[in-house]
Amino acid sequence: MSEHVYKVTELCGSSPNGIEAAVENAIARASKTLHNIRWFEVVETRGVVDGGRVAHWQVTLKLGFTLEE
């Protein structure tokens, strides 16, 4: 197994369709400019309440990606 070095960055994703959709939105957008994304960690979850119901989800992620040679 190779020795890996990772850069870690933090970002937020959001979606009205749930936590998983918020995570997927964040990773999809990040992958347009960050290469070699290998893992993620959800470090915080928030929601917006409107009229007594959950209207929107927001997650804060740490993304790990390997550095290019």
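Mentor: Let's start with a term: a salt bridge is a side-chain nitrogen of Lys or Arg within 4 Å of a carboxyl oxygen of Asp or Glu. Keep in mind that this is a predicted model.

Trainee: Thanks! How many salt bridges does a search of the whole structure find?

Mentor: The search finds 1. It joins the side chains of E44 and R46, with N to O at 2.8 Å.

Trainee: Are E44 and R46 buried, exposed or in between?

Mentor: Buried means under 20% relative accessible area and exposed means over 50%, with partly exposed in between. E44 has 40%, so E44 is partly exposed. R46 is partly exposed too, at 27%.

Trainee: Which other side chain does R46 join in a polar contact?

Mentor: That partner is T60, and the contact is 3.1 Å. T60 sits in strand β3, and its relative accessibility of 6% makes T60 buried.

Trainee: What is T60 in contact with, leaving aside its neighbours within four places in sequence?

Mentor: Contact here means heavy atoms within 4.5 Å. On that basis T60 touches E10, L11 and C12, along with E41, V42, V43, E44 and R46. Notice that both E44 and R46 of the salt bridge appear among the contacts of T60.

Trainee: Now the helix, please. How does the span of α1 agree with its number of residues?

Mentor: The expected span is 1.5 Å times one less than the number of residues. Helix α1 has 12 residues, 19–30, so it should span 16 Å; its end C-alpha atoms are 17 Å apart, which agrees.

Trainee: Which residues of α1 are buried, and what covers them?

Mentor: The buried ones are A21, A22, V23, A26 and A30. Their cover includes strand β1, strand β2 (37–50) and strand β3 (53–66).

Trainee: Where could I look at a strand residue that touches α1?

Mentor: Try S15, which belongs to strand β1. S15 is buried, with a relative accessibility of 2%. Beyond its neighbours within four places in sequence, S15 is in contact with A21, A22, N25, H56 and W57. The S15 side chain also reaches the backbone nitrogen of N17, at 2.9 Å.

Trainee: And what about I37?

Mentor: I37 lies in strand β2 and is partly exposed, at 23% relative accessible area. Setting aside neighbours within four places in sequence, I37 is in contact with I27, A30, S31, L63, G64 and F65. For a sense of distance, the C-alpha atoms of I37 and N25 are 14 Å apart, while the two residues are 12 places apart along the chain.

Trainee: I also looked at the loop between α1 and β2. What is the phi of N36, which is placed there?

Mentor: Phi of N36 is near 65 degrees, a positive value in a residue other than glycine. N36 is partly exposed, with a relative accessible area of 29%.

Trainee: Last topic: surface patches. Which residues make the nonpolar surface patch of about 250 Å²?

Mentor: A residue needs over 30% relative accessible area to be part of a patch. Here the patch is made by Y6, V8 and W39. V8 is found in strand β1, residues 6–15, and V8 counts as partly exposed at 40% relative accessibility.

Trainee: So in my viewer I can begin with E44 and R46 at the salt bridge, then turn to Y6, V8 and W39 at the nonpolar patch. Thank you!

Conventions
Residues are numbered from 1 along each chain as its sequence is written. This is a predicted model: local features need pLDDT of at least 70, side-chain atom pairs count only at pLDDT 80 or more; totals for chains, interfaces and linings use all residues. Side-chain values use heavy atoms; hydrogens and water are left out. Patches are made of residues with over 30% relative accessible area and no salt bridge: like charges are joined within 9 Å, nonpolar side chains (Val, Leu, Ile, Met, Phe, Trp, Tyr) within 5 Å. Accessible areas come from the Shrake-Rupley method with a 1.4 Å probe; for residues, only the protein chains shown count as cover. Helices (H or I, at least four residues) and strands (E, at least two) are DSSP runs, numbered from the N terminus. Buried means under 20% relative accessible area, exposed over 50%, partly exposed in between (1.4 Å probe, protein chains only). A polar contact is a pair of N or O atoms within 3.5 Å; within protein, one must be able to donate a hydrogen and the other to accept it, and residues adjacent in sequence count only if both atoms are side-chain atoms.
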